[in-house]
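Tutor: Take a look at the model below, and ask me how each label is earned.

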Amino acid sequence: MGTEALLPHEFLTAVRLRLGASVYVDPGWCSRCGSERGTDGWHALCCAPSEATRGHNGVRDVIHGLASLSDGAARTEVPGLIAARPLLRPADVLTTAAFGRLTALDVSIVAPHAAGAGADAAATQVADKVRRYGPHLEALAADGVSYRPLVWTAWAGRTMTR
């Protein structure tokens, strides 16, 4: 993640989104999914998986960098933590730095206007993560791993952990 300032057109778009002003002059259709995108720009925040992944990975890398300052063994995207489901990756960062014991930190950044986000997108995402990994928490704990979802909204106005 760089320290560059936003370009003028990026700043203008960000301000329009934040204020709820129109981003597009006319409604149109999303070239990715074919849905009507409207004029408010919200659809682009929810329908951009490559950008979302890049943002997620940027946050993951910052957390990993901070964890690595006190835990040289901190790792990212660790497979095989759940023996019964080895392809699941509940640890975007696996570290002992966060809570003094081995912890799987599961990073999420959610768009408050996404379908299914609910009244509180961060709380909805934490509940979804706990529901997804809940059946496996005992197995993780038996292996000495604590599971912690870390959730931010796209506006960074709400941060949650369980």
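Student: Why is Glu77 called buried?

Tutor: Its relative accessible area is 18%. Buried means under 20%, exposed means over 50%, and partly exposed lies in between (1.4 Å probe, protein chains only). Glu77 therefore falls in the buried class. Please keep in mind that this is a predicted model, where local features need pLDDT of at least 70 and side-chain atom pairs count only at pLDDT 80 or more, while totals for chains, interfaces and linings use all residues. Residues are numbered from 1 along each chain as its sequence is written, and side-chain values use heavy atoms, with hydrogens and water left out.

Student: What makes the contact between Glu77 and Arg60 a salt bridge?

Tutor: The term asks for a side-chain nitrogen of Lys or Arg within 4 Å of a carboxyl oxygen of Asp or Glu. In this pair the closest N and O atoms are 3.1 Å apart, so the rule is met. The two partners come from distant parts of the chain, 17 residues apart: Glu77 sits in the loop between β3 (75-76) and β4 (93-95), and Arg60 in helix α3. Helices (H or I, at least four residues) and strands (E, at least two) are DSSP runs, numbered from the N terminus.

Student: How do you know that Arg60 belongs to a network?

Tutor: Follow the bridges one by one. Arg60 also meets Asp61, with N and O at 2.8 Å, and Glu77 also meets Arg89, at 3.5 Å. Arg89 and Glu77 are both in the loop between β3 and β4, 12 residues apart. Together Arg60, Asp61, Glu77 and Arg89 are linked in a network of salt bridges. The structure as a whole holds five such bridges.

Student: Are the other three members of that network buried or exposed, or something in between?

Tutor: Arg60 has 12% relative accessibility, so it counts as buried. Asp61, at 40%, is partly exposed, and Arg89, at 44%, is partly exposed too.

Student: Why is the pair of Tyr133 and Tyr147 called tilted?

Tutor: Rings of Phe, Tyr and Trp (its six-membered ring) pair if their centres lie within 6.5 Å; planes under 30 degrees apart count as stacked, over 60 as edge-to-face, and the rest as tilted. By this rule there is one aromatic pair. Its rings, those of Tyr133 and Tyr147, have centres 5.1 Å apart and planes at 50 degrees, so the pair is tilted. Tyr133 is in helix α4 (residues 121-133) and Tyr147 in strand β6 (residues 146-153), so the pair ties together parts that are 14 residues apart in sequence.

Student: How do you know that both tyrosines are buried?

Tutor: Tyr133 has a relative accessibility of 2% and Tyr147 one of 3%, so each one counts as buried.

Student: What makes you say that Arg148 lies over the face of Phe99?

Tutor: A charge sits over a ring if NZ of Lys or CZ of Arg is within 6 Å of the ring centre and within 35 degrees of the ring normal. Arg148 lies over the face of Phe99, at 3.9 Å from the ring centre.

Student: Why is Leu19 called exposed?

Tutor: Its relative accessible area is 67%, so Leu19 counts as exposed. Leu19 is found in helix α1 (residues 8-19). Leu6, Phe11, Val15 and Leu19 make a nonpolar surface patch of about 410 Å². Patches are made of residues with over 30% relative accessible area and no salt bridge, joining like charges within 9 Å and nonpolar side chains (Val, Leu, Ile, Met, Phe, Trp, Tyr) within 5 Å. Accessible areas come from the Shrake-Rupley method with a 1.4 Å probe, and for residues only the protein chains shown count as cover.

Student: How do you know that the span of α1 is close to the one expected?

Tutor: The expected span of a helix is 1.5 Å times one less than its number of residues. α1 has 12 residues and reaches 16 Å from its first C-alpha to its last, close to the expected 16 Å. Just after α1, Gly20 takes a positive phi of about 85 degrees.

Student: What makes Ser68 partly exposed and Val110 buried?

Tutor: Ser68, in helix α3 (residues 49-70), has 28% relative accessibility, so it counts as partly exposed. Val110, in strand β5 (residues 103-110), has 12%, so it counts as buried.
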